[in-house]
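Work through the exercises below with the model open. Each task is followed by its solution.

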Amino acid sequence: MLPFDKYPEWRDRSQAQQPNYEDIAELKKVTDELRLRPPLVFAREVDQLQKLLALTSEGHGFVLTGGDCAETFAGSTAEQIRAKVQTLLQMAVVMSYGASVPVVKIGRIAGQYAKPRSQDMEKRNGIELPSYRGDAVNGHDFTPESRKHDPWRLLEAYQRSATSLNLIRAFTKGGYADLRQLHSWNRGFTDNPQYARYEQLANEIGRALNFMECVGADFDAMSSVDFYSAHESLLLEYEDAMTRIDSQSGNLYDTSAHYLWVGERTRNIDGAHVAQCARIANPIGVKLGPNATFSEIAALAQILNPENIPGRLSLITRMGAKNIAQVLPSLARRVTESGINVVWICDPMHGNTLTSSTGLKTRNFGDILEEVRLFFDSLHSVGAIPGGLHVELTGDDVTEVLGGSANLDEAGLNLRYETLVDPRLNHQQSLELAFLVAEILEESR
Ligand code: PEP
Ligand code: CO
């Protein structure tokens with residue numbers, strides 16, 4: 001890494017999607033306090049993830065990133081976190097069996113509390129108030145008090161992230177991630193006749209686990225897994241306050257999460273978000289919509305990864321099932337030909353959002369599957385390596401995405417529609433997606 005003082009100061013750059021705080025002195029009180037708080041993640045953990053991503057960029061791993069579109073403070077309960085982590089670990093078991101490569105597990109968890117919005121204001125019944133921007137910024141209730149941007153929420157976001165991570169560390173290091181328990185994933189799932197084709201894979205995994213147990217595999221040693229946290233690097237003052245110099249290397253690390261990504265709306269090369277990410281040593285993702293160009297990618301790589309370190313930069317495509325096959329192959333060909341090191345990750349969610357006839361924001365499970373398939377095809381067609389999946393999911397049985405094995409229809413959306421921003425895959429849909437990816441990975445081995 002270059003010395004961080006060589007990087008542009010993000011405060012001099014344009015700052016898209018930031019809160020409007022009335023009282024800047026209050027914001028300073030909050031960020032001064034945050035600077036005194038302990039880091040949430042540690043430099044060596046971040047370095048470990050960077051190494052895994054470097055291996056992934058060469059085809060020796062596959063990334064699974066998943067979690068809420070927007071975490072809420074109310075949703076940071078033990079039960080909801082447990083269900084999300086369990087879903088991700090189960091998906092990872094299925095996918096690593098298919099791929100025969102390690103799955104790098106990253107949660108959109110413990111910090112995903114801020115959202116970019118296309119509209120600054122929201123209108124309901126003639127009343128206009130600031131849009132909801134995530135619990136780290138304002139409340140979801142449609143009242144002037146709740147929608148006011150409040151800097152003290154940043155401290156609450158830190159606190160909730162800390163307690164969430166504490167629980168996740170206990171779950172993933174304390175024996176909860178035992179493979180034998182995770183195998184219960186297929187209960188009530190493969191009974192569904194639509195899933196006959198997955199039953200064989202499920203049984204194979206079960207047999208492999210039994211075999212390992214019979215030959216005396218040390219399950220205690222395997223009951224700890226590495227699980228990393230991630231969120232969108234959106235709130236510049238928060239990320240800046242959590243950015244610290246690592247005494248060992250002298251590099252800057254954003255200690256709010258292991259992995260940070262820059263969103264489609266804030267990835268402009270002259271903007272503050274890219275400048276803030278350029279100076280930190282954490283692995284960085286950048287979302288790419290259907291209008292992304294090769295020259296943008298080349299410029300982003302130059303700023304974010306001037307030394308072209310493998311694994312440092314991931315490109316998270318979110319192009320939509322309709323667009324990806326037209327756009328991705330030529331981009332990937334040029335990236336590969338230019339020798340730019342990236343991890344290609346597929347976000348099959350954000351390019352496939354639609355509004356139901358009943359007015360709910362939803363997605364079709366079929367479109368999500370289709371985008372994943374086309375992502376693999378597009379990259380394989382030009383000799384590039386598909387490196388991972390980035391999805392919005394919850395461990396609960398919500399009804400937010402249409403389709404899937406339960407054939408959720410528009411009327412069914414109302415049953416348990418709980419998201420405050422984007423629709424998430426429920427537990428069963430998440431596993432269904434994992435099986436599909438396992439199949440594709442197995443075929444392309
Ligand atoms: C998101 O990941 O929730 C998001 C807002 O994505 P994008 O920046 O790709 O729109
Ligand atoms: Co989203």
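A pocket is an open set of grid points where a 1.4 Å probe fits, with protein on both sides within 12 Å along at least five of seven lines. The model used here is predicted.

**Exercise 1.** Describe the second largest pocket and its lining.

Solution.
1. The volume of the second largest pocket is about 460 Å³.
2. Its lining has 29 residues, and Pro116, Arg117, Arg265, Lys361 and Val421 are the closest to the centre.
3. Sorted by kind, the lining holds 15 charged, seven polar and seven nonpolar residues.
4. Strands S3 (121-124) and S13 (361-363) each supply at least two lining residues; S3 gives the most, with three.

**Exercise 2.** Determine how the rings of Phe62 and Phe376 are arranged, and what the pair ties together.

Solution.
1. The whole structure contains three aromatic pairs.
2. For Phe62 and Phe376, the ring centres are 6.0 Å apart and the planes stand at 15°, so this pair is stacked.
3. Phe62 belongs to strand S1 (residues 62-67) and Phe376 to helix H13 (residues 365-381), so the pair ties together parts 314 residues apart in sequence.
4. Phe62 and Phe376 are both buried.
5. Together with Phe375, Phe62 and Phe376 form one aromatic cluster.

**Exercise 3.** Find which residues touch the most other members of the largest nonpolar core, and which helix gives the most to this core.

Solution.
1. The largest nonpolar core has 103 residues, and those touching the most other members are Trp344 and Leu433.
2. Helix H3 (residues 78-99) gives the most to this core, with 10 residues.
3. Another core, of 12 residues, lies apart from it and includes Leu49, Val104, Ile106 and Ile316.

Notes: Residues numbered from 1 in each chain as written. Chains lettered and ligands numbered in written order. Predicted model: local features only at pLDDT ≥ 70, side-chain atom pairs only at ≥ 80, totals over all residues. Heavy atoms only, no water. Core = buried A, V, L, I, M, F, W, Y, C linked by side-chain atoms within 4.5 Å. Buried < 20%, exposed > 50% of the residue type's maximum accessible area, 1.4 Å probe, protein only. Helix = DSSP H or I, 4+ residues; strand = E, 2+ residues; numbered from the N terminus. 1 Å grid on protein atoms, 1.4 Å probe; cavity = no way out; pocket = protein on both sides within 12 Å on 5 of 7 lines; lining within 4 Å. Points joined across faces, edges and corners; volume = space filled by probe spheres on them. Nonpolar A, V, L, I, M, F, W, Y, C, P; charged D, E, K, R; others polar. Phe/Tyr/Trp six-rings, centres within 6.5 Å; stacked < 30°, edge-to-face > 60°.
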